[in-house]
Amino acid sequence: MPMKTLLTFVLFTSLGLCISCDLGLGIHELTELEKLPPLTTTGENTFGCLVNGEALVVENTLEMGAIYQGGFLQMGGGVENGQIDHGVFIKLNNPLEKFFEYDLTDSLDRYSTYTFKDKVASFTCYYEYNDTFDGTLTFHEIDRSNYIISGTFEFSTVTDDCDTVYITDGRFDLQYIP
């Protein structure tokens, strides 16, 4: 009986050690890119991007949205936590076309903004539309019947008072308000 118990212990200990190491079982820490929501086109209400290489994933649907009215699309998302807040906002004027790359630099018809707020240090950076020096947005889906927009975006922005911000690998799949 003790031999059987010892054998069972050794077997489960060995199994546990095997599972704890990544031997092709897919167990690993997610990269920042892997933390982003998947690229979908079905109105899943997802919004995320990398901000200077760190994942910004909006998980609360109250903190993301899109409105397409009067020929203008306004969309964005943000994350508020105890110490740091982030917000990304994009505006486009008609027409909206799939697989067309929209330029987001310094235009009142198409632009992007970013806000960073450090609550602990009482410091806020506002990156306005005219601070964006590079940026694009591409729609992968525009469903006017089901009010869905999805696509990808990226932009870079800088202000005199704050560091340069690189927004990359942005993706959204939103149900918009008509």
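**View 1. Lys98 forms a salt bridge with Glu141 in this predicted model.** The closest nitrogen and oxygen atoms of Lys98 and Glu141 are 3.9 Å apart, which falls inside the limit of 4 Å used to assign a salt bridge. The pair links distant parts of the chain, since Lys98 lies in the loop between strand 5 and strand 6 whereas Glu141 belongs to strand 9, 43 residues apart. Lys98 itself is partly exposed, with a relative accessible area of 39%. A search of the whole structure finds three salt bridges, and the other two are the subject of the next two views.

**View 2. The side chains of Lys119 and Asp85 meet in a salt bridge.** The distance from nitrogen to oxygen is 3.3 Å in this pair. Lys119 is placed in the loop between strand 7 (110-118) and strand 8 (123-127), while Asp85 is part of strand 5 (residues 84-93), so the contact ties together parts of the chain that are 34 residues apart in sequence. The two partners fall into separate accessibility classes: Lys119 is partly exposed, with a relative accessible area of 35%, whereas Asp85 is buried, with a relative accessible area of 13%.

**View 3. Glu32 and Lys35 are joined through their side chains by a salt bridge.** For this pair the nitrogen-to-oxygen distance is 2.7 Å. Glu32 is partly exposed at a relative accessible area of 27%, and Lys35 is likewise partly exposed, its relative accessible area being 38%. Side chains of opposite charge can pair when their charged atoms come close.

**View 4. Cys125 and Cys162 form a disulfide.** One disulfide is found in a search of the whole structure, and its sulfur atoms, those of Cys125 and Cys162, are 2.0 Å apart. The torsion about the S-S bond is about -100°, so the disulfide is left-handed. Because Cys125 lies in strand 8 and Cys162 in the loop between strand 10 and strand 11 (165-175), the pair ties together parts that are 37 residues apart in sequence. Both ends of the bond are buried, Cys125 at 4% relative accessibility and Cys162 with a relative accessible area of 12%. Another cysteine, Cys49, is also buried, with a relative accessible area of 0%.

**View 5. Six strands make up an open sheet with antiparallel pairing.** The order of the strands across the sheet is 2-1-11-10-9-6. Strand 2 (54-58) and strand 6 (101-103) stand at the edges, where each has a single partner strand, so one side of each is left without a neighbour in the sheet. On average, and with direction ignored, neighbouring strands of this sheet are turned by 15° against each other. Within the sheet, strand 9 (residues 132-143) and strand 10 (residues 148-157) run antiparallel and are joined by 10 bridges. Phe139 stands opposite Gly151 in strand 10.

**View 6. The largest pocket holds about 320 Å³ of space.** Its lining is made up of 16 residues, of which Val51, Asn52, His86, Tyr114 and Phe116 are the closest to the centre of the pocket. The elements that give two or more residues to this lining are strand 2, strand 7 and strand 8. Two of these elements appear in earlier views: strand 2 stands at an edge of the open sheet, and strand 8 carries Cys125 of the disulfide.

How values were computed:
Residues are numbered from 1 along each chain as its sequence is written. This is a predicted model: local features need pLDDT of at least 70, side-chain atom pairs count only at pLDDT 80 or more; totals for chains, interfaces and linings use all residues. Side-chain values use heavy atoms; hydrogens and water are left out. Two strands pair if DSSP finds at least two bridges between them. Helices (H or I, at least four residues) and strands (E, at least two) are DSSP runs, numbered from the N terminus. Axes are lines fitted to C-alpha atoms, for helices over the stretch in contact, and angles run from 0 to 180 degrees between N-to-C directions. Buried means under 20% relative accessible area, exposed over 50%, partly exposed in between (1.4 Å probe, protein chains only). A disulfide is a pair of cysteine sulfur atoms within 2.5 Å. On a 1 Å grid over the protein atoms alone, a cavity is a set of points where a 1.4 Å probe fits but cannot get out, and a pocket is an open set with protein on both sides within 12 Å along at least five of seven lines; lining residues have an atom within 4 Å of a point. Grid points are joined across faces, edges and corners, and a volume is the space filled by probe spheres set on the points.
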